[in-house]
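This report describes the surface and the packing of one protein model. The sequence and the structure come first.

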Amino acid sequence: MNKKVNTLLFVLGATLFNIIVAIISFILFTVIYAKFIMNMIPESGRGWGFTLIFLAAIAVSFFVYRYVLKYLLTKVNIEEYFDPIFVRKHKRKSGSE
């Protein structure tokens, strides 16, 4: 495989990993909320819990993704295996014109 294929597979895998972590977090927080917290909140305020669960699941997936990515970047030489996603077409000239 070449660097472009490696980059594409990495981006797809990382996206899938982030979505899976968000779904697992959402399910886990929903179970915890329904089992322990929902009964303590008045009925009129229970809907906000699911909004907060959704936001918390996104935040958790973001932090887990960043932690795992930092760990992988210390273990893998990215310049050897991956191609840059954004490449400048024209180099800027240094100095004033």
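## Nonpolar patch and helix packing

In this predicted model, a nonpolar patch on the surface is formed by I19, I23, F26, I27, V31, L52, F54, L55 and I58, which together have about 830 Å² of accessible area. Two elements, helix 1 (3-37) and helix 2 (47-75), each give two or more residues to this patch. Helix 1 gives the most, with five residues.

Two residues of helix 2 illustrate the two ends of the accessibility scale. L52, a member of the patch, is located in helix 2. Its relative accessibility is 55%, so L52 counts as exposed because the cut-off for exposed is over 50%. S61 is also in helix 2, but its relative accessibility is 5%, so S61 counts as buried, the limit being under 20%.

| Residue | Relative accessibility | Class |
|---|---|---|
| L52 | 55% | exposed |
| S61 | 5% | buried |

Leaving aside residues up to four places away in sequence, S61 touches N18, V21 and A22. With N18 there is a polar contact between the two side chains, at 3.3 Å.

V21 and A22 are among the buried residues of helix 1, together with N6, T7, A14, S25, T30 and Y33. The cover over these buried residues includes helix 2 and helix 3 (78-81).

The N-terminal end of helix 1 is capped by N2, whose side-chain oxygen lies 3.3 Å from the backbone nitrogen of K4. Helix 1 has 35 residues and, at 1.5 Å a residue, should span 51 Å; its end C-alpha atoms are 49 Å apart, which agrees.

Definitions and conventions:
Residues are numbered from 1 along each chain as its sequence is written. This is a predicted model: local features need pLDDT of at least 70, side-chain atom pairs count only at pLDDT 80 or more; totals for chains, interfaces and linings use all residues. Side-chain values use heavy atoms; hydrogens and water are left out. Patches are made of residues with over 30% relative accessible area and no salt bridge: like charges are joined within 9 Å, nonpolar side chains (Val, Leu, Ile, Met, Phe, Trp, Tyr) within 5 Å. Accessible areas come from the Shrake-Rupley method with a 1.4 Å probe; for residues, only the protein chains shown count as cover. A salt bridge is a side-chain nitrogen of Lys or Arg within 4 Å of a carboxyl oxygen of Asp or Glu. Helices (H or I, at least four residues) and strands (E, at least two) are DSSP runs, numbered from the N terminus. Buried means under 20% relative accessible area, exposed over 50%, partly exposed in between (1.4 Å probe, protein chains only). A polar contact is a pair of N or O atoms within 3.5 Å; within protein, one must be able to donate a hydrogen and the other to accept it, and residues adjacent in sequence count only if both atoms are side-chain atoms. Contact means heavy atoms within 4.5 Å. The expected span of a helix is 1.5 Å times one less than its number of residues.
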